[in-house]
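Okay everyone, thanks for coming. I'll take a few minutes to walk through one model, so have the viewer open and stop me if you get lost.

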Amino acid sequence: MKIAFVVSFFDFRNDVRRVIAEVARQHQVVVLGRTEHMASIQKHVPAGVELRQIAEKKRTIRNAIWERLYLLLRRIPRSRSNFFLMELFKASNQPTAKSKSRAMSLLRWMQRLPKIISYDFYLDRLRYQSLTELDDIDLVICFTAIADDYLLARLIREQKPVRVYVYSWDHPCKHTCFSRRVQYACWSEEIREDIVSLQNIPSGQIAVTGASQFGYIHAYRQADALPVGYPFRYVYFGCAIGIPELVPDELRLVTTLAQSLQAVQPGWKLLVRPYPVLTDWTPYEALRSLPNVVFDDAFRTQDSSVQEEAILQKYATIERAEAFFHLGTTMGLEACFTNAPSFVLDFGYTTSEGLSLYNFIHQYQNDRHLINLAPQNAIRSEENLREVLGHLTAPAFKDLNRAVQKEYTLKSFEAFAGDLTGQTGAFSIRVSDTKIR
């Protein structure tokens, strides 16, 4: 069988490259990428995998009109506030003042106008070029968010088998590219419920395959020897904010954590992991003056990729920590597969409106899949923080670890690849089962 993977963010998604390499052991594999992504994709294509360029977008007035109409009038997830919050984050992260002003103006129009155009309605109105070589492809696997709407429009019209892997736990609550005419793969039954309730996708079209990202946790757990760690006791903070306006707020909380740790556990260090996707790490430099702060920052490379050894080292570093702290990040979820208790710092904000620390912390996925599972692991004040730091071994703080481990099944990359491609039965789902839970 020849399988095509439609990719984006290819340098950043180590796990996707591993999955593709595993699939290539059993099948012929083609990677499809957009023109502007080809250079970065080329650097990371696994051996024996063919790379093809997507050539579907047709630049016409008709398509331009439909693109703009869909942008303004598209149906959005039922997690409406979270969707607009993500759009606000994206608009605020524009590189220039002019582009930021334009994005904010567009966002205001999006908030005012009715949401009447479905993704499938939009795909049916696009006119594509039919220039991408697809005749020999038996199965196409995409990742959210969809890399190329024009390609998906063609795939659906030509009735190619399409499978979409919902790449992250927050994608059902913030993306709009969910067609009702393809199959889906997702992390867990609870994420499947999110796709059904937020995106109105029939449950029978969604298979639970597990998370590709967690393949590294599986590999870490199977490792014979752990990487060498730090020679001191520490708590670990994983930075999560890539929005420049909010980084100072995050750093203020890191400072509070460092000072509280110094007061309660003066012999321990605070290990800080910068956010890898934040372009400018300069703001983190202010933390280096704190006497008990140590940086865990050796993992960064010239592009967005991370060496696989550094990923395994990350889990070993979490495992050896007295606790892991964060403001809302997948690392906070990953930490629950180790012996370290995982805590979200849920204080330090002055407003719950708009571009705020509160809204970053209380994103849909953080509330549903972390905070609500174990409210005792959400720290509400500096006083609460100091109390927790003095009692990190309390059994109740491990309740979140147990709940998360029950919700998600860890799989090897080989097992995940088999499920995703349908070789091991994960896609023996009944498409006629359209019950909405």
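**Loops, spaces and charge pairs**

Gln159 sits in the loop between α7 and β5 (162-165). One thing to keep in mind from the start is that this is a predicted model.

So, why pick that loop to begin with? Look at the backbone: Gln159 has a phi near 60°, which is positive, and the residue isn't a glycine. As a general point, most residues other than glycine have a negative phi, and most peptide bonds are trans. Is Gln159 buried or exposed? Exposed, because its relative accessible area is 70% and the cut-off for that class is over 50%.

There's a second one like that. Ser130 also has a positive phi, near 60°, and you'll find Ser130 in the loop between α6 and β4. Ser130 counts as partly exposed, with a relative accessible area of 37%.

While we're on backbone oddities, go to the loop between β4 (139-143) and α7 (149-157), where Ala145 is placed. The peptide bond joining Thr144 and Ala145 is cis, with omega at about -5°.

Okay, empty space next. How many cavities of 30 Å³ or more does the structure hold? Just 1, and its volume is about 50 Å³. Which element gives the most to that lining? That's β12, with 3 residues. Both β12 (342-345) and α14 (364-371) supply at least two residues each. Among the lining residues are His326, Phe343, Leu370, Asn377 and Leu400. By class, we have 7 nonpolar and 3 polar residues around the cavity, and no charged ones.

Now compare that with an open site, the second largest pocket, which comes in at about 340 Å³. This one is lined by 16 residues, and Arg75, Ser118, Phe178, Gln199 and Asn200 are the ones lying nearest the centre. Helices α6 (119-125) and α8 (189-199) each put at least two residues into the lining. The class breakdown for the pocket is 7 nonpolar, 4 polar and 5 charged.

Over to the surface for a second. Phe9, Phe12 and Val277 make a nonpolar patch of about 290 Å². Phe12 is in the loop between β1 (2-6) and α1 (14-23), and at 36% relative accessibility Phe12 is classed as partly exposed.

Last topic: charge pairs. The structure holds 29 salt bridges, and I'll only show you a few. Start with Glu308 and Arg18, whose side chains meet at 3.0 Å, N to O. That pair links distant parts of the chain, with Glu308 in helix α11 (residues 308-320) and Arg18 in helix α1, 290 residues apart. Both partners are partly exposed: Glu308 has a relative accessible area of 29%, and Arg18 has 26%.

Then there's Glu36 with Arg34, with the closest N and O atoms 2.9 Å apart. Arg34 is partly exposed too, at 25%.

What about Asp419 and Lys411, are they buried or exposed? Both are buried, and they form a salt bridge with the closest N and O atoms 2.3 Å apart.

And to finish, some of these charges go beyond simple pairs: Lys2, Glu50, Arg52, Glu133 and Asp136 are linked in a network of salt bridges. That's my tour, so over to you for questions.

Conventions. Residues are numbered from 1 along each chain as its sequence is written. This is a predicted model: local features need pLDDT of at least 70, side-chain atom pairs count only at pLDDT 80 or more; totals for chains, interfaces and linings use all residues. Side-chain values use heavy atoms; hydrogens and water are left out. On a 1 Å grid over the protein atoms alone, a cavity is a set of points where a 1.4 Å probe fits but cannot get out, and a pocket is an open set with protein on both sides within 12 Å along at least five of seven lines; lining residues have an atom within 4 Å of a point. Grid points are joined across faces, edges and corners, and a volume is the space filled by probe spheres set on the points. Helices (H or I, at least four residues) and strands (E, at least two) are DSSP runs, numbered from the N terminus. Ala, Val, Leu, Ile, Met, Phe, Trp, Tyr, Cys and Pro count as nonpolar, Asp, Glu, Lys and Arg as charged, and the others, Gly among them, as polar. Patches are made of residues with over 30% relative accessible area and no salt bridge: like charges are joined within 9 Å, nonpolar side chains (Val, Leu, Ile, Met, Phe, Trp, Tyr) within 5 Å. Accessible areas come from the Shrake-Rupley method with a 1.4 Å probe; for residues, only the protein chains shown count as cover. A salt bridge is a side-chain nitrogen of Lys or Arg within 4 Å of a carboxyl oxygen of Asp or Glu. Buried means under 20% relative accessible area, exposed over 50%, partly exposed in between (1.4 Å probe, protein chains only).
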